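Biologist: Can you pull up the model so we can go through it?
Modeller: Here it is.
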Amino acid sequence: MYTDSHCHMTCDELYDPLDEVLAHMSEVSSCMIMCTTEEEFLRALHIKKSDPRFKVAFGWFPGDARDIDEEKMQLIENYLKQGLIDVLGEIGLDYYWDKSFNDVQQTLFIRQIELANTYHVPISIHMREATKDCLDILRAHARTKIIFHCFSGSPETMQECLKLNSLISFAGPITFKNARHGPDCVKACPLDRMLSETDSPYLTPVPYRGKRNEPGYVRYVEEKIAQIKDLELEQVCRQIENNFLSLFSN
Ligand SMILES: [Zn+2]
């Protein structure tokens with residue numbers, strides 16, 4: 001049974017054919033739905049209510065930092081207070097698209113980490129072209145469990161991330177022919193510190209690369225991990241699911 005620790009199942013691209021997406025994930029036993037809007041979050045809560053395989057994450061994405069006002073911060077805090085958010089995320093820093101508001105992203109990132117500390121929930125980190133600032137902020141502020149989602153850094157960066165007692169999550173790019181650091185990181189990451197994810201509808205793994213991604217395809221990520229680490233698939237899947245569930249036990 002497979003674990004998709006990060007998918008955007010309630011975004012429009014996957015929510016419209018939801019029955020189809022669910023039908024394809026009969027072998028997925030644990031799944032976390034990432035929400036970047038309140039609409040996606042309410043859809044995800046609805047799915048979770050009738051299906052215990054699901055966890056729900058909600059947080060303001062760094063790219064949206066300029067649009068996050070006090071009212072939106074309050075919204076997140078209210079849901080945290082009610083215990084409806086399992087993981088705060090994805091939060092972090094993304095300097096790839098636009099470097100003009102790095103400071104706004106940093107302020108939002110720190111505020112969300114502090115909310116996670118207050119309500120004792122893990123955080124899911126989106127880090128792109130911002131490794132140093134991101135790790136500096138996490139070292140200074142983070143007090144709850146950390147997931148580095150869709151890890152794509154170097155093995156050296158991964159070691160720095162592991163020092164923060166985090167879990168490293170691998171996605172479809174490790175299956176690509178031109179995968180840069182991915183396979184080296186998979187090899188170097190202890191099995192009890194890793195997660196698998198799809199980040200669907202993006203980053204579709206081989207053999208479906210180029211098509212729309214969905215949670216059921218996480219099997220190709222876990223198969224690749226087993227292959228790279230030269231381990232039994234069953235052992236890999238069992239440990240990854242344990243790692244995922246350990247985020248929610250104290
Ligand atoms: Zn994502």
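Modeller: What follows covers the zinc site, some strands and one helix of this predicted model.

Biologist: Which residues are the protein donors of the zinc ion?
Modeller: His 6 and His 8 each donate through NE2, Glu 90 through OE and Asp 199 through OD. These donors lie 2.1 to 2.5 Å from the zinc ion.

Biologist: How are the donor residues spaced in sequence?
Modeller: The pattern is H-x1-H-x81-E-x108-D.

Biologist: And the site of the zinc ion, regular or irregular?
Modeller: Irregular, with angles of 86 to 176° among the four donor atoms. For reference, four tetrahedral donors would ideally sit at 109.5 degrees.

Biologist: Is His 6 buried or exposed?
Modeller: His 6 has a relative accessible area of 1%, so it counts as buried, the cut-off being under 20%.

Biologist: What about His 8, buried or exposed?
Modeller: Buried as well; the relative accessible area of His 8 is 7%.

Biologist: Switching to Ser 124. Where is it?
Modeller: Ser 124 belongs to strand 5. Its relative accessibility is 1%, so Ser 124 is buried.

Biologist: What is Ser 124 in contact with?
Modeller: Not counting neighbours within four places in sequence, its contacts include the zinc donors His 6 and Glu 90. Met 34, Val 87, Leu 88, Gly 89, Ile 91, Ile 147 and His 149 also touch Ser 124.

Biologist: Met 34 has a bridge partner in strand 3. Which residue?
Modeller: Ala 57. Strand 2 (residues 28–35) and strand 3 (residues 54–58) run parallel, joined by five bridges. With helix 3 (residues 38–50), strands 2 and 3 make a right-handed β-α-β unit.

Biologist: How many residues of strand 3 are buried?
Modeller: Four of its five, so strand 3 is mostly covered. On to its other pairing: two bridges join strand 3 to strand 4, again in parallel. There Phe 58 stands opposite Leu 88, and Leu 88 is also among the contacts of Ser 124.

Biologist: Now strand 7. Which way do its residues point?
Modeller: Leu 167 and Ser 169 point one way, Ile 168 and Phe 170 the other, and all are buried.

Biologist: What does strand 7 pair with?
Modeller: Strand 6 (residues 146–148) pairs with strand 7 in the parallel sense over two bridges, and Ile 147 has Leu 167 as its bridge partner. Strand 8 (residues 194–196) also runs parallel to strand 7, through three bridges. In that pairing Ser 169 is partnered with Leu 195.

Biologist: Which helices go with those strands in β-α-β units?
Modeller: Helix 7 (residues 155–162) goes with strands 6 and 7, and helix 8 (residues 182–188) goes with strands 7 and 8. The unit with helix 7 is right-handed, and the unit with helix 8 is right-handed.

Biologist: Last topic, helix 5. How many residues has it?
Modeller: Helix 5 has 18 residues, from 102 to 119. From first C-alpha to last it reaches 26 Å, close to the 26 Å expected.

Biologist: Which of its residues are buried?
Modeller: Asn 102, Gln 105, Leu 108, Phe 109, Gln 112, Ile 113, Leu 115, Ala 116 and Asn 117. As background, residues three or four places apart in an α-helix point the same way, because there are 3.6 residues a turn.

Biologist: And what covers the buried residues?
Modeller: The cover includes helix 4 (70–81), strand 4 (87–94), strand 5 (123–128) and helix 6 (131–141).

Biologist: What comes just after helix 5?
Modeller: His 120, which takes a positive phi of about 55°.

Methods. Residues are numbered from 1 along each chain as its sequence is written. This is a predicted model: local features need pLDDT of at least 70, side-chain atom pairs count only at pLDDT 80 or more; totals for chains, interfaces and linings use all residues. Side-chain values use heavy atoms; hydrogens and water are left out. The expected span of a helix is 1.5 Å times one less than its number of residues. Buried means under 20% relative accessible area, exposed over 50%, partly exposed in between (1.4 Å probe, protein chains only). Contact means heavy atoms within 4.5 Å. Donors are N, O and S atoms within 2.8 Å of the metal (3.2 Å for Na, K and Ca); water is not among the atoms, so sites may look incomplete. Four donors count as tetrahedral if all angles lie between 85 and 135 degrees; four count as square planar and six as octahedral if opposite donors are over 155 degrees apart and all others between 65 and 115; anything else is irregular. Two strands pair if DSSP finds at least two bridges between them. A crossover is right-handed if, with the strands pointing away from the viewer, the path from the first strand over the helix to the second runs clockwise.
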